[in-house]
Amino acid sequence: MLTNGKRRVSYYYDPDVGNYYYSQGHPMKPHRMRMTHALIAAYGMFKHMAVQRPPRATERDITRFHSDSYINFLKSASPEKVWDMNSSIRKFNVCEDCPVFDGLWEFCQISAGGSLAAASELNSGRADIAINWSGGLHHAKMSEASGFCYVNDCVLGILELLKCHTRVLYADIDIHHGDGVEEAFYTTDRVMTCSFHKFGDYFPGTGDIGDIGYGPGKYYSLNIPLHDGMDDDSHREIFDAVMTKVMEWYQPGAVVLQGGADSLSGDRLGCFNLTIAGHSHCIDFFKKYNVPILMLGGGGYTIRNVARCWAYETSRALNLEIQEDIPYNEYLEYYGPEFRIHIHPSNMENRNTREYIENIKAKTFEGLRHLPPVPSVPFQDTPSSYTGLDRLHEKELDEEETKYADVRETLRQKERRTEHPCEFEDSDEEDLGALPSVRKNRKLIQMMEKVRPEGENEQSKLKMEAETFAE
């Protein structure tokens with residue numbers, strides 16, 4: 001059921017995003033977006049929000065931030081040409097973490113296009129919250145790939161929001177420091193960046209509490225370095241305390257929330273202990289301020305938990321109460337053996353002591369004291385809005401797309417869809433060693449068949465609805 005305070009939500013998803021595959025054994029799996037989308041569909045959230053396929057960002061769109069030479073490299077790079085591009089590969093930091101894979105440029109266009117379209121929708125006033133789970137790739141630099149990220153859609157989305165908003169707040173709850181976004185806005189007061197991250201001997205090695213900005217941007221970069229084992233209560237305490245002060249002093253016109261799910265308990269590359277409820281608290285916090293919110297994805301490498309998290313956070317954006325048991329969808333077996341939306345924290349030690357948290361808060365508040373209340377900008381002509389949405393709305397739908405406009409994926413799109421055979425290989429199962437046996441478990445099949453105990457006709461009807469969502 002809907003709770004009070006319903007807000008208009010736009011959701012952006014390109015069904016081709018799950019087709020791309022970094023490399024054998026690579027922890028970043030774009031297929032997690034397809035799993036997220038299927039789970040959102042299974043919960044019936046589509047009827048409560050505007051679901052749109054964003055236009056792909058053009059070269060001109062992306063070079064608002066990235067250099068021409070870097071983008072030209074991404075456009076031309078392919079696995080077949082790797083050995084002929086050694087100098088460029090070193091120059092642009094395309095390596096094991098950021099490999100050249102088939103469709104690299106198209107993948108970047110999808111990620112950036114979603115964030116640009118979402119930001120433009122917020123600027124237009126047609127939405128209060130816009131979601132692009134394919135975005136949040138916060139490590140990419142102006143002329144360099146980094147940390148599985150090639151194009152920094154966060155920066156592009158913020159630049160679009162700055163066309164209509166005097167000040168934009170960027171909040172990052174990924175376990176890794178949002179270094180690419182901080183670097184882009186390190187010398188301006190029009191964007192405040194605030195990152196809650198693991199600090200120390202951990203990628204990317206930046207984000208010390210003393211990194212506060214430079215020149216006009218001094219004190220407009222906030223870094224909250226945290227230790228292993230961060231749990232819900234500690235995270236909520238420090239997040240609420242810092243963000244409350246920021247919202248009071250800075251009064252942003254829009255908020256960009258990078259919701260990397262690698263800060264969840266049990267992530268393959270993470271070392272925090274947040275539950276999905278604790279992670280999603282950050283969305284509930286910003287909703288209280290009634291400002292436009294751009295919600296982006298980011299890291300997350302235990303992909304079944306990534307899908308759980310982002311689907312649940314979509315429901316929080318919609319103010320929907322969803323059931324604990326995961327409904328039937330094409331990836332249902334992957335959520336076994338519990339088949340529930342929420343996860344339990346582990347028993348790892350929280351090394352963020354009370355003394356440490358109080359010390360971090362005190363240092364952060366001291367820096368905020370130097371901020372002028374509500375910095376402003378002079379009057380100027382508003383730059384033209386992102387034209388991608390206009391291209392999208394002007395596009396004529398063909399007969400099949402019109403006929404199946406209310407279906408998540410048309411037959412033609414489904415036939416064109418691919419899944420790399422290594423996406424779910426046993427050697428890369430994220431500590432889910434029982435998965436092969438789960439897939440063969442007859443009890444699971446019986447559970448999927450048993451939709452409702454209210455007669456054969458009702459069972460058949462509900463099962464058909466579930467299969468429709470899955471397709």
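**A buried strand and the annotated sites around it**

All 5 of the 5 residues of β7 are buried, so the strand is largely enclosed by the rest of the structure. The model described here is predicted. The side chains of β7 alternate: A254, V256 and Q258 point one way, V255 and L257 point the other way, and all of them are buried.

Strand β7 has a partner in β4, and the two pair in the parallel sense over 5 bridges. Within this pairing, L169 stands opposite V255 in β7. Strand β7 also pairs with β8, again in the parallel sense, over 4 bridges. Here L257 stands opposite M295 in β8. To get from β7 to β8 the chain passes through α9, and this β-α-β crossover is right-handed.

The loops that follow two of these strands hold annotated residues. The UniProt record, an unreviewed entry, places the feature "binding site" at D174, H176 and D262. These positions are spread over 89 residues of sequence, yet they cluster in space, with a largest C-alpha distance of 8.2 Å.

Where do D174 and D262 sit in the fold? D174 is in the loop between β4 (168–172) and α7 (179–184). D262 is in the loop between β7 (254–258) and α9 (276–287). The strands before these loops, β4 and β7, are the parallel pair already described.

Are D174 and D262 buried or exposed? D174 has a relative accessible area of 1% and D262 has 0%. Buried means under 20%, so D174 counts as buried, and so does D262.

The contacts of the two aspartates tie the site together. Leaving aside neighbours within four places in sequence, D174 is in contact with H138, F196, H197, Q258, G260, D262, G298 and G299. Q258 in this list belongs to the set of β7 residues that point the same way as A254 and V256. With neighbours up to four places away again not counted, D262 touches D174, I175, H176, D267, G270, G299, G300 and Y301. The contacts of D262 thus include both D174 and H176, the other two positions of the "binding site" feature. G299 is in contact with D174, and G299 is also touched by D262. One contact of D262 can be given at the atomic level: its side chain reaches the backbone nitrogen of I175 at 3.1 Å.

A second annotation concerns a histidine. For "active site", UniProt lists H139, again from an unreviewed entry. H139 is found in the loop between β3 (129–132) and α6 (153–161). Its relative accessibility is 4%, so H139 counts as buried. Beyond four places in sequence, H139 touches S146, G147, C149, N152, H176, H177, D179, G180, F203 and P204. Among these is H176, one of the "binding site" positions.

Two other contacts of H139, F203 and P204, are joined by a cis peptide bond with omega near 0°. P204 lies in the loop between β5 (191–198) and β6 (221–226). A further cis peptide bond runs from G336 to P337, with omega near 5°. P337 is in the loop between α10 (303–318) and α11 (354–368). Most residues other than glycine have a negative phi, and most peptide bonds are trans.

The loop between α10 and α11 also holds F339. Phi of F339 is near 55°, a positive value in a residue other than glycine. F339 counts as buried, at 13% relative accessibility. N290 likewise has a positive phi, near 55°, and is found in the loop between α9 and β8 (293–296). At 60% relative accessibility, N290 counts as exposed.

Helix α3 (residues 68–76) shows how a helix is buried in this model: its buried residues are Y70, I71, F73 and L74. Why do they line one face of the helix? Seen down the axis of α3, the buried residues fall within an arc of 155°, so they line one face. An α-helix has 3.6 residues a turn, so residues three or four places apart point the same way. The buried residues of α3 pack against α2 (59–62), α4 (86–91) and α5 (104–124).

Conventions. Residues are numbered from 1 along each chain as its sequence is written. This is a predicted model: local features need pLDDT of at least 70, side-chain atom pairs count only at pLDDT 80 or more; totals for chains, interfaces and linings use all residues. Side-chain values use heavy atoms; hydrogens and water are left out. UniProt positions are given in the numbering used here, feature names are shortened, and annotations may be inferred rather than shown by experiment. Buried means under 20% relative accessible area, exposed over 50%, partly exposed in between (1.4 Å probe, protein chains only). Contact means heavy atoms within 4.5 Å. A polar contact is a pair of N or O atoms within 3.5 Å; within protein, one must be able to donate a hydrogen and the other to accept it, and residues adjacent in sequence count only if both atoms are side-chain atoms. The arc is that of the directions from the helix axis to the C-beta atoms. Two strands pair if DSSP finds at least two bridges between them. A crossover is right-handed if, with the strands pointing away from the viewer, the path from the first strand over the helix to the second runs clockwise.
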